[in-house]
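Me: I am new to this structure and would like a close look at a single part of it. Please pick one strand, go through its surroundings, and then add a few residues elsewhere for context.

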Amino acid sequence: MRAVCFVKRFEFDMNGTIFPNALALDDVDNDGNNELVVGNMSGDLCLFKSDRMWQKITGLGMITALGIGDIFNIGSNALVAVGGDGWCHILFKAKQDDTADQKKGKLESVHVQRIPANTKVVLLGDIDGDGCTELVMGLTDRVVRSYRWVPDSNEPGSGKLIGLHKWECANQIGTVTLNHLPDGTPCLLVAQPGGTLMKIRCHSNEEMDPTNRSIQVDHQLFALTKLDMTGDGRDEIVACSWDGQTYILDQEKCSVRFQLEESVVSFCSGYYTLQPGQMPVPCLVYTTFTNKIYVYYDVQLTSMRAKTFSPKQLTAVEEDPRRAQLLMEWCLYGQR
């Protein structure tokens, strides 16, 4: 397996225990730029823009999972922070005409609701093809639940989440992702131990279809995401292990790996805006046991497939075996 090295990164400090799904990348404040949001077990929520922390919110309980999306179905993103203690906080950007200058453009809590405890993963997306965003939660008791926001008025946060579906899985839930079948039908994929994927199609009598997929690696994986690493419009699988080994796999089973030289607490991949107004770039985000957050950006690969190099491909070298030998030594060992 080919190894790659990424060197461009931002480094942030954040104290406290961070759960594996308590970080997210997206446009959380609807300014056209993608931010990084991280929450910890003490109820602290930090929002990062570019190379700095933009806002810190406290008192949100034990944050175990975060999600960013149009939960109110008004065309604007909100932040959903779910706690293992059974509370769901929805945060939204404060009104621009707020009289308190220090709050302009900042996020504030607009809704708090009691939910089942022990939620470990959150997903926001249109899971049934009705054009509206739903909230999906995966719990530690092997249950997947879905919710929809029902408004009381046009004011964001005025309303409540109502339960739609409940599915019980045979094994523990790892991650939950939203995918689409070849005909465009949305379906949920629930990753479980042993390489099992539970496929849930919400539009057709809540059909559940267990299938098996396996990735042979020599490290214990805990996070599985997707990201277009080559810029060809197709997502690659990005999987991270506890010791920092990161695997990138494409649909043709080509793979590369990247090693972070620290043990990892949580991991996600996505797109992050380096400077306001610029296009977001693909990045890998790690949190470590030393209270560090590493954002590796510009992680694009030219190709997933390794290409064989031979000096014989160079016409000038073909005619001189000694030059071919010197070139090979320089490529492999840096000797001139």
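Reply: What follows looks at one strand and its partners, then at some single residues. The model is predicted.

The part chosen is strand β20, residues 236–241. Five of its six residues are buried, so the strand is largely enclosed by the rest of the structure. Burial here stands for a relative accessible area under 20%.

Strand β20 has a pairing with β19, which covers residues 221–227. These two strands run in the antiparallel sense, and six bridges join them. One position can be followed by eye: Leu 224 has Ala 239 of β20 as its bridge partner.

Strand β20 also pairs with β21, residues 245–249. That pairing is antiparallel too, with four bridges. Here Ile 237 stands opposite Leu 249 of β21. β20 and β21 form a hairpin with three residues between the strands. In this hairpin Gly 244 takes a positive phi, near 95 degrees.

A positive phi also turns up at residues that are not glycines. Ser 50 is one of them, with a phi of about 50 degrees. Its place is the loop between β5 and β6, the latter spanning residues 52–57. Ser 50 has a relative accessible area of 11%, so it counts as buried. Asn 73 is another non-glycine with a positive phi, in this case about 55 degrees. Asn 73 sits in the loop that links β7 (63–69) to β8 (78–83). With a relative accessible area of 29%, Asn 73 is partly exposed.

A further loop residue is Asp 44, between β4 (35–39) and β5 (45–49). Asp 44 is buried but has no salt bridge. Lys 56 carries the nearest side chain of opposite charge, and the distance to it is 4.4 Å. A salt bridge needs a side-chain nitrogen and a carboxyl oxygen within 4 Å, which is why this pair does not qualify. Leaving aside residues up to four places away in sequence, Asp 44 touches Met 14, Val 38, Gly 39, Lys 56, Ile 57, Thr 58 and Ile 63.

Last come the cysteines. A disulfide is a covalent bond between the sulfur atoms of two cysteines. A search of the whole structure finds zero disulfides. Cys 132 has 28% relative accessibility, so it counts as partly exposed. Cys 187 has 2% and therefore counts as buried.

Key
Residues numbered from 1 in each chain as written. Predicted model: local features only at pLDDT ≥ 70, side-chain atom pairs only at ≥ 80, totals over all residues. Heavy atoms only, no water. Buried < 20%, exposed > 50% of the residue type's maximum accessible area, 1.4 Å probe, protein only. Lys, Arg positive; Asp, Glu negative; His and termini not counted. Contact = heavy atoms within 4.5 Å. Pairing = 2+ DSSP bridges. Disulfide = S-S within 2.5 Å.
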